[in-house]
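Visitor: I have a protein model open and would like to be walked through it. Please keep to plain answers.

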Amino acid sequence: MSFFPVKAPRLSVPFSGPAAWSAVTVCCALLLLGAGCAEPPEDLPADADAPAVEAAAEAPTAQELAALVERSLEGSQVQVNADTLLDVIGARVSALPSGDSAEAFVERRLEAYAVPRVWRESFPFLAWDRRDASLEAVRPEGGVEGELSILSLGHVGSYEVEAPLVDAGYGTAEEIEALGDRVEGAIVLADVGAPEGYGRGVHRTEKVTLATEAGAVGFIQLNTQEGPRIPVGVATLGDEETEIPAVAADQASGQALRGALAGQQPVVVRLSVDNWMERAEADNVLGEIPGQSDEIILVGAHLDSWDLAQGAVDNGSGTLAVLDLARALAEHVEATGEVPYRTIRFAFWMGEELGLYGSRHYVETRLDDDRIQRYAAILNLDVVGEPVGLGAMGRPDAEPFLQPVLEGVAQAGIDLDEAVGTGGGIYSDHQPFLMQGVPVLTVRSQQRAEAAGVGHTIDDTRDVIDEPGIARSAAVSAALLWAAANAPDLELERWSEEEIGRRLEELGVRDPLERAGEWRWP
């Protein structure tokens, strides 16, 4: 008997790793979700992008936006949805049973909220699941004190290497270069993050790439926080496995290894990893409130998570926010009979944690026929807490549009920073849109202190998220989206190809994009 009626198994993997579900857990989840999984209507998604009849737009007043925020908060279902998304489903790994169940859950919630159009779009990707990883000191005997605790990073295959260690600090380009020939044939140690005053963050994928290009045969990311936490994540943003084994270790293991390196003898370790990978498919779940014009305002959150805990902060919080704002906007349309000028589309991306697969595929399929031109703005909610401000990446010209939204939100009792943020980065699902010059709006939020550093670790659990704060961020986002969907003129033009490169450079992301092979400008 199969306990996985959601689309049936799409993989030939024995579900025995940390990401796997017990049959009882999956069965309980599916009882809550209902049997089976509805397929999208035959006329979708093709007709979902069909232009509608042009009509006049009318910007909502601050009072109207305040009323929308208040109604959103009164009817919030963040807690109710968290009961299933986090406590029943938990970790949501793309193409595994947990991911399938998460897709079915959000699809059914959108339908329950009477979102007029709900469908799925499949995409291919390199699925991954962890198995075993070990690290042991070989020489000098007794040179490394204590047990070494590691976990594999994502998109790492099966390897066993024995090599000397070399300490690369934070693993930046400058630090790798300073080590010279010592990196070749070595296993590189590098702390999470970047040196103080470096000017930007340095993603783990960039560090693994730098170490690999310098000739390293292994990579170990070291946590800088006390305790047993081991932050994991994907080791390459390319659609392929790493060329070298790449793992993460807790702070105590890092200190033990560095303590051994402080001695007079070279430290040699044996690093072994054994993981599973296979080409597979997952589904983005989409819904929309059709508008009167052919323009689209999109809000999205990645539904998938890492496998170690509930994925509550990253990104259960964003998923809960998008579900709640979809409910609020659908209820607003039903109650008032108002139809937005621009279509409002809701997206729940899969495959984000392994390399933005879902959002990349979505954008790529809309480049061929230039449908991407219809996207007036997007909002990405990734790691959500108490709202603190609004913004638009690289767009100071967004302030006139955002000020009435700030006023409406304030009238509803939510005080946000009056300054409009213009900063931004990459490594989340807004990136494919940003790379095409689509305006990216932001709702900045703040996590509880207890949530600091829990992402991608065993501590990313429901007890550390701010559910009332998520509800407030959802309400603020609903007001922002309704304003964007109805503004007569957003005055946020899509950047030209030349301007995209210039703006991305101003945002400080040229260097990591070049290392990832994604910089297409001179």
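**P124 and its surroundings**

Guide: Setting aside neighbours within four places in sequence, P124 touches A280, E281, Y357 and H361. Keep in mind that this is a predicted model.

Visitor: Is P124 buried or exposed?

Guide: P124 is found in strand β1. Its relative accessible area is 51%. The cut-off for exposed is over 50%, so P124 counts as exposed.

Visitor: How far apart in space are P124 and A95, C-alpha to C-alpha?

Guide: In sequence, P124 and A95 are 29 residues apart. In space, their C-alpha to C-alpha distance is 9.9 Å.

**The whole protein**

Visitor: How many helices and strands are there in the protein?

Guide: The protein has 522 residues, and 57% of them are buried. Of contacts between residues at least 6 apart in sequence, 85% join residues at least 24 apart. The secondary structure comes to 14 helices and 12 strands.

**Strand β8**

Visitor: How many residues of strand β8 are buried?

Guide: Strand β8 covers residues 296–302. In a regular strand the side chains alternate between the two faces of the sheet. On one side of β8, I296, L298, G300 and H302 are buried, and on the other I297, V299 and A301 are buried. The count for β8 is therefore seven of seven.

Visitor: Which residue of β9 stands opposite L298?

Guide: Strand β9 spans residues 343–349 and pairs with β8 in the parallel sense, over seven bridges. β8, helix α8 (residues 312–336) and β9 together make a right-handed β-α-β unit. In the pairing with β9, the residue opposite L298 is R345.

Visitor: Which residue of β10 stands opposite L298?

Guide: β8 also pairs with strand β10, residues 375–380. That pairing is parallel, over five bridges. The β10 residue opposite L298 is I378.

**Strand β6**

Visitor: In β6, which residue is the bridge partner of L151?

Guide: Strand β6, residues 246–249, has A246 and A248 buried on one side and V247 and A249 buried on the other. Strand β2 (residues 150–152) runs antiparallel to β6 and is joined to it by three bridges. Strand β5 (residues 218–222) runs parallel to β6, with four bridges, and there Q221 has A248 as its partner. The partner of L151 is also A248.

**Cores**

Visitor: Which residues touch the most other members of the largest nonpolar core?

Guide: In soluble globular proteins, nonpolar side chains tend to be buried together. The largest nonpolar core here holds 134 residues. Its largest share, 13 residues, comes from helix α12 (residues 467–486). The members that touch the most others are I220, L329 and F346.

Visitor: How many residues are in the second, separate core?

Guide: This core includes V363, M393, F433 and V440. It is separate from the largest one, and its size is 26 residues.

**Helix α9**

Visitor: Why is helix α9 described as largely enclosed?

Guide: Helix α9 covers residues 357–364. Its buried residues are Y357, G358, S359, R360, Y362 and V363. What covers them includes β1, β7, β8, β9, β10 and α11. The helix is called largely enclosed because the buried residues number six of eight.

**Pockets and cavities**

Visitor: Which element gives the most residues to the lining of the second largest pocket?

Guide: The second largest pocket holds about 370 Å³ of space. Among its 19 lining residues, T205, T209, T236, E240 and R515 are the closest to its centre. The elements giving two or more residues to this lining are α6 (204–213) and α14 (510–515). The top contribution, six residues, comes from α6.

Visitor: What is the volume of the largest cavity?

Guide: A search of the whole structure finds three cavities of 30 Å³ or more. The largest cavity is lined by 13 residues, and V93, W128, S305, W306 and L354 are the closest to its centre. Its volume is about 100 Å³.

Methods
Residues are numbered from 1 along each chain as its sequence is written. This is a predicted model: local features need pLDDT of at least 70, side-chain atom pairs count only at pLDDT 80 or more; totals for chains, interfaces and linings use all residues. Side-chain values use heavy atoms; hydrogens and water are left out. Buried means under 20% relative accessible area, exposed over 50%, partly exposed in between (1.4 Å probe, protein chains only). Two strands pair if DSSP finds at least two bridges between them. A crossover is right-handed if, with the strands pointing away from the viewer, the path from the first strand over the helix to the second runs clockwise. A nonpolar core is a set of buried Ala, Val, Leu, Ile, Met, Phe, Trp, Tyr and Cys residues joined through side-chain atoms within 4.5 Å. Contact means heavy atoms within 4.5 Å. On a 1 Å grid over the protein atoms alone, a cavity is a set of points where a 1.4 Å probe fits but cannot get out, and a pocket is an open set with protein on both sides within 12 Å along at least five of seven lines; lining residues have an atom within 4 Å of a point. Grid points are joined across faces, edges and corners, and a volume is the space filled by probe spheres set on the points.
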